[in-house]
Amino acid sequence: MEEYTRDGLASRLGTRLIGRHLRWHDSLSSTNDLARNLAEIGVPEGTVIVAEEQTAGRGRHGRPWASPRGGIWLSVILHPGLAPADTPLVGLAASTATARAIRQTLGLLARLKWPNDVLIEGRKVAGILVEAGGDGLWVVAGIGINANIDQGALPDRPAYPATSLLAVTGRPVDRCELACALLRELEHRYEEVRSEAGRLGVLRRWREMADTLSRAVRVEASGRVLEGVATDIDDTGALLLRQRNGTVRRVVAGDLTVREV
Ligand code: BTN
């Protein structure tokens, strides 16, 4: 097993953009917080910030994200040049890259839950937090993978069960190999996001791995609960929800659960 260190990762990465500049920290409040500050002062695109642990890891909708040692917690600074409405595509690219990296290195059937959750056997193993700033100049993609984390250290939210790669496989995973595969995959998916034709590829790959399409779902969005069948995503990554009365509603952000019917 290659050591999960800055040099271990840098020596085998081989990417052109993503991770060409790597910042490695033993402990940070949140890699996204540091990435945002660095993006503001103009560090190069593709810079990756890794932390062994986060003391104030952040999830979507302002939730805390448990980030003890043993996980993969990193943020990538990007300059995608997208219209604000298209920024969610970066999240789709990052979640697709994460699921594909888990499949490649561990052979596990990772699937995707809208918008950006990576699931194994219906439990969340990884999440993505995308934040944009600088008047649309930069986007930070924060990626958290519960790699070598004991089940007991994961949050207990029955509606959104969590797992780790350690819990699924029963043994520690090679974080260096997995992080390498992740950043390489992200480089490819990010290249696609930046071209109009490539975007179709990102959407197609996301759909291929989606766990939640064609299913009855409930979405909590801006304090409202919406129910319907998740029919598809549109070309900005918004969820298309067919409601009971037949109308199709476009949902840009929210928390989705699959309804048992
Ligand atoms: C979610 O599913 O709610 C998103 C979780 C994102 C967690 C990652 S870990 C690295 C980066 N730094 C953070 O504080 N959050 C993201």
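These notes cover the sheet, a helix packed on it, the ligand surroundings, a second set of strands and the cysteines.

1. **Status of the model.** This is a predicted model. Every value below is computed from it.

2. **The seven-stranded sheet.** The sheet is open and has 7 strands. Their order is β1-β2-β3-β7-β6-β5-β4, and the pairing is mixed. From one strand to the next, the twist averages 20°.

3. **Sheet edges.** Which strands stand at the edges? They are β1 (22-28) and β4 (111-113). Each has a single partner strand, so one side of each is left without a neighbour in the sheet.

4. **The β5-β6 pair.** Strand β5 spans residues 117-120, and strand β6 spans residues 123-133. The two run antiparallel and are joined by 3 bridges. Ile120 stands opposite Arg123 of β6.

5. **Helix on the sheet.** Helix α5 (residues 175-193) lies across three strands: β2 (48-54), β3 (72-78) and β7 (138-145). Its direction is at about 25° to β3.

6. **Ligand surroundings.** There are 19 residues around the ligand. Ser30, Gln54, Arg58, Arg60 and Lys124 come nearest. Ser30 places a polar side-chain atom 2.8 Å from an oxygen atom of the ligand. For Lys124, a polar side-chain atom is 2.5 Å from a ligand oxygen atom. Arg60 uses its backbone: a polar atom there lies 2.7 Å from an oxygen atom of the ligand.

7. **The β8-β9 hairpin.** Strands β8 (residues 215-221) and β9 (residues 224-233) run antiparallel, with 7 bridges between them. Val219 stands opposite Leu226 in β9. The hairpin has 2 residues between its strands. Ser222 takes a positive phi there, near 45°.

8. **A further partner for β8.** Strand β12 (residues 255-258) is also joined to β8, by 4 bridges. This pair runs antiparallel. The bridge partner of Glu220 in β12 is Asp255.

9. **Cysteines.** How many disulfides does the model contain? The count is 0. For Cys176, the nearest cysteine sulfur is that of Cys180, 5.6 Å away. A disulfide needs the two sulfur atoms within 2.5 Å, so this pair does not qualify. Cys180 is likewise in no disulfide, and its nearest cysteine sulfur is that of Cys176. Are these two side chains' residues buried or exposed? Cys176 is buried, with a relative accessible area of 0%. Cys180 also counts as buried, at 2% relative accessibility.

Technical notes:
Residues numbered from 1 in each chain as written. Predicted model: local features only at pLDDT ≥ 70, side-chain atom pairs only at ≥ 80, totals over all residues. Heavy atoms only, no water. Buried < 20%, exposed > 50% of the residue type's maximum accessible area, 1.4 Å probe, protein only. Pairing = 2+ DSSP bridges. Axes fitted to C-alpha atoms, helices over the stretch in contact; angles between N-to-C directions. Contact = heavy atoms within 4.5 Å. Near = heavy atom within 4 Å. Polar contact = N/O pair within 3.5 Å; in protein donor to acceptor, adjacent residues only side chain to side chain.
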